[in-house]
Amino acid sequence: MKNILLHICCAPDASVPVPDLLAEGWKVYGFFYGSNIHPRDEYIRRLEAIHILASHNEIACEIPEYSPEEWLSKIHGLENEPEGGKRCAECFRIQLEASAREALRLGCDYMSTTLTISPHKNVKLINEIGEEITSSHGLKWESRIWRKNNGFLRSVKCPASWACIVKITAGASSARESLMN
């Protein structure tokens with residue numbers, strides 16, 4: 001059985017990849033980075049949904065310490081970038097780098113991400129970053145485009161208890177405001 005660390009951005013986005021990978025015979029380990037999610041109340045709501053998803057699918061899900069200040073310092077100077085711009089690319093890189101370190105710690109050989117389920121994300125960029133990071137850590141990138149085959153539509157039909165209606169506030173300017181209040 002092949003081991004894979006699946007970077008999970010939120011429970012709804014993982015509601016398709018997790019069962020699909022399990023059905024294919026993978027041993028799935030989840031990893032929820034979360035420090036890019038603001039305010040803290042939203043992070044906690046999403047974290048609770050991650051726990052429900054992991055329990056429902058009987059997978060382990062690793063959760064690093066919530067550290068939005070660290071995330072803000074890493075994207076410093078990109079606060080005014082438009083959605084889909086350099087800040088997003090750096091955010092993907094931060095999350096996937098943390099995921100790769102966790103994959104090594106857990107003894108996984110493969111890594112993937114749920115980010116490619118969104119029709120609003122640049123799949124080519126995500127897979128390029130994933131390939132680069134996993135290669136530099138001696139891991140294999142499992143390139144998937146989860147939004148294919150109605151993946152995104154299937155993901156929005158997940159149970160309400162998984163917090164499927166989520167407000168995405170990952171931008172640095174609103175994050176900084178949230179941290180200062």
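This report walks through the sheet, one helix and one pocket of a predicted model.

## The sheet

Let's start with the strands. Five of them make up an open sheet, and reading across it gives the order β3-β2-β1-β4-β5, with parallel pairing. The edges belong to β3 (60-62) and β5, each of which pairs on one side only. As general background, strands of a sheet pair through backbone hydrogen bonds, either parallel or antiparallel.

## Strand β4 and its neighbours

Strand β4, residues 110-113, is a good place to look closer. On one side it pairs with β1 (residues 3-7), in the parallel sense and over four bridges. Within that pairing, Ile-4 stands opposite Tyr-110 of β4. Strand β5 (residues 140-141) also runs parallel to β4, and two bridges join them. Here Met-111 has Trp-141 of β5 as its bridge partner. To get from β4 to β5, the chain passes through helix α6 (residues 123-136), making a β-α-β crossover that is right-handed.

Are the faces of β4 covered or open? Both are covered: Tyr-110 and Ser-112 are buried on one side, and Met-111 and Thr-113 are buried on the other. Tyr-110 and Met-111 thus appear twice in this picture, as buried residues and as bridge partners, Tyr-110 facing Ile-4 and Met-111 facing Trp-141.

## Helix α5

Helix α5 covers residues 86-106. Does its length fit its residue count, and what span should one expect? With 21 residues at 1.5 Å a residue, α5 should span 30 Å, and because its end C-alpha atoms are 30 Å apart, the two values agree. Just after the helix comes Gly-107, which has a positive phi of about 80 degrees.

## The second largest pocket

Helix α5 also turns up in the wall of a pocket. The second largest pocket holds about 170 Å³ of space. Which helix gives the largest share of its lining? That is α5, with four residues. Helix α4 (68-74) likewise supplies at least two residues of the lining.

By character, the lining residues divide into five nonpolar, two polar and five charged. Among the residues that line the pocket are Phe-31, Tyr-33, Pro-64, Ile-94 and Ala-98. The lining also includes Ser-35 and Ser-67, together with Glu-65, Glu-70, Lys-74, Arg-101 and Glu-102.

Conventions: Residues numbered from 1 in each chain as written. Predicted model: local features only at pLDDT ≥ 70, side-chain atom pairs only at ≥ 80, totals over all residues. Heavy atoms only, no water. 1 Å grid on protein atoms, 1.4 Å probe; cavity = no way out; pocket = protein on both sides within 12 Å on 5 of 7 lines; lining within 4 Å. Points joined across faces, edges and corners; volume = space filled by probe spheres on them. Nonpolar A, V, L, I, M, F, W, Y, C, P; charged D, E, K, R; others polar. Buried < 20%, exposed > 50% of the residue type's maximum accessible area, 1.4 Å probe, protein only. Pairing = 2+ DSSP bridges. Right-handed = clockwise from strand over helix to strand, strands pointing away. Expected span 1.5 Å × (residues − 1).
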